[in-house]
Amino acid sequence: MMDRRTFVQSLSATAIAISANAQSLTGADAEAARQIAPTQDATPLRVGVLGPGSRGKELVRSLLRVPGVRVTAAADVYAPRFAELNRVCGYEVPSHADYRALLDRKDVDAVLVATPFGLHGEHVLAALQAGKHVYGEKTLAFTLEESAKIVQAAAGTQRIFQIGHQYRYSPWIRAALARVQQGEIGEVTHIMGYWHRNNSWRRPVPEPSLERLINWRLYNQWSLGLLAELGSHHMDIANWVFGSTPTAALASGSICKYHDGRETDDNVQAVLSYSGGRRFIFSSVTDNAMQGDQLWLYGSKGSLNLTLQDATFFYEPHRASRVAAAQQGAAVTSASYQAAGEMPYRGPGQPVQVTTAEDPTTAATRAFVYCCRTGTRPIADVHVGYGSALCVIPSNQARLLRREVEVPAAL
Ligand SMILES: NC(=O)c1ccc[n+]([C@@H]2O[C@H](COP(=O)([O-])OP(=O)(O)OC[C@H]3O[C@@H](n4cnc5c(N)ncnc54)[C@H](O)[C@@H]3O)[C@@H](O)[C@H]2O)c1
């Protein structure tokens, strides 16, 4: 485990690296670097946690690394969460069974909403209406109507709304996508996203009456399954790369492996169409982890692989073998299959060098504090959230209807 001195040293090294980096960046990248830069500013920010479950506590761990942040209240319908949160904070956090009591508190400036997906709309809207800054976990809201209300509410307040698409703050993804925007792999026409795991997604439940509260991801009441829980992150990155939201969605899925009473599919596939015929294709399975969590961006000059830890460029192989074969008199037609001509480059690729491989959630929560303190619009703002909702919700409709669904325009 890292001791405090080493932690502070590595933080300063990160700060120097990020601020040096910030000086050479422009536009949105410079803004992102400013937002995520480590800070000595300890202006108090009092945070309330709505739903301190697995993700809520993770966000708190990250937020408490920022000077000046204190958790001043929590709300949850499941009481054991409060003791768990107290352990993370190292002090007793005032707790409420009803989230409205948390929103009434004057000692809460900002609220983390980390409740099950189906509750985001109600909780985010109430928090914004109560005059709080909000870090809302993805996906923005369960329906496009609720999502649009959040866009309106965020526009009508001086408060900050940041969506939990933390990969927008990932240094290696930002660095790689800046190079893609400059044409390094040609025009990107296709993106493949894999999020493959080998586990049932089921959590242990202390008693049967808590099944739907604890395993909410497996039931339609609050969950749109893998499309929302995993796909939304990849769909957000596809929107970012393509610079727009999709025009149409196709999707399918099934319960193939885990016949355990769940309602949401244990595997899904989605195809999102973007203008000009560009496509994002997503696959999630839960009984084989070979592909893991990765995206592939394909352009005419090369490919980019993005993972949770790194980014690697691969360039298209030269057609040298084809030319050599033609010079030797071999019959080469566009119809003949030549392994040498069809085989991809199989080398290690060229990793994207970055000055920090900091966890994106740490960077995203630090950026949230910066935005609350300075009134700056977050990089992952409400429109980023609405964009991924525009992918997830129509994909789910397409899955249910078993046909392509038109996607409405972004707001
Ligand atoms: N950005 C990411 O990478 C990421 C990762 C994991 C989870 N998430 C998101 O975070 C959210 C929570 O996921 P999780 O895994 O932490 O779920 P969880 O079940 O562990 O936590 C949710 C908490 O909300 C509480 N809750 C339920 N109903 C409530 C209500 N009416 N009022 C107050 N509290 C209530 C539950 O008791 C629980 O403690 C989801 O939207 C999920 O998609 C995001």
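The following exchange concerns a predicted model of a protein with a ligand.

User: What makes Gln-166 a polar contact of the ligand?

Analyst: A polar side-chain atom of Gln-166 lies 2.8 Å from an oxygen atom of the ligand. A polar contact requires a pair of N or O atoms within 3.5 Å, so the pair formed with Gln-166 qualifies. Overall, the protein covers 91% of the 840 Å² of accessible area that the ligand has on its own.

User: Why does Arg-81 count as a polar contact of the ligand?

Analyst: An N or O atom in the side chain of Arg-81 is 2.8 Å from an oxygen atom of the ligand. The cut-off is 3.5 Å, and therefore this pair is a polar contact.

User: How do you know that Gly-164 makes a polar contact with the ligand?

Analyst: For Gly-164, the atom concerned is a polar backbone atom, 3.2 Å from a nitrogen atom of the ligand. That distance is within 3.5 Å, so the pair with Gly-164 is also a polar contact.

User: Which residues surround the ligand most closely, and how many surround it in total?

Analyst: The ligand is surrounded by 26 residues, and the closest are Arg-55, Asp-76, His-120, Gln-166 and Glu-229. By class, this shell has nine nonpolar, nine polar and eight charged residues.

User: Which helices and domains supply the shell around the ligand?

Analyst: At least two residues of the shell come from each of helix 3 (54-63), helix 6 (120-129) and helix 10 (225-242). Domain 1 (4-168 + 359-383) and domain 2 (171-356 + 389-406) each contribute at least three residues to the shell. The space that the ligand takes is the largest pocket.

User: What makes Trp-201 notable in its backbone, and where is Trp-201 found?

Analyst: Trp-201 has a positive phi of about 75° although it is not a glycine. Trp-201 is found in the loop between strand 7 (188-195) and helix 9 (211-214).

User: What kind of peptide bond joins Lys-138 and Thr-139?

Analyst: The bond between Lys-138 and Thr-139 is a cis peptide bond, with omega about -5°. Thr-139 lies in the loop between strand 5 (133-136) and helix 7 (144-155).

Key. Residues are numbered from 1 along each chain as its sequence is written. This is a predicted model: local features need pLDDT of at least 70, side-chain atom pairs count only at pLDDT 80 or more; totals for chains, interfaces and linings use all residues. Side-chain values use heavy atoms; hydrogens and water are left out. A residue is near a molecule or strand if one of its heavy atoms lies within 4 Å of it. A polar contact is a pair of N or O atoms within 3.5 Å; within protein, one must be able to donate a hydrogen and the other to accept it, and residues adjacent in sequence count only if both atoms are side-chain atoms. Accessible areas come from the Shrake-Rupley method with a 1.4 Å probe; for residues, only the protein chains shown count as cover. On a 1 Å grid over the protein atoms alone, a cavity is a set of points where a 1.4 Å probe fits but cannot get out, and a pocket is an open set with protein on both sides within 12 Å along at least five of seven lines; lining residues have an atom within 4 Å of a point. A molecule sits in a cavity or pocket if more than half of its atoms lie within 2 Å of its grid points. Helices (H or I, at least four residues) and strands (E, at least two) are DSSP runs, numbered from the N terminus. Ala, Val, Leu, Ile, Met, Phe, Trp, Tyr, Cys and Pro count as nonpolar, Asp, Glu, Lys and Arg as charged, and the others, Gly among them, as polar. Domain bounds come from an automatic or database domain assignment.
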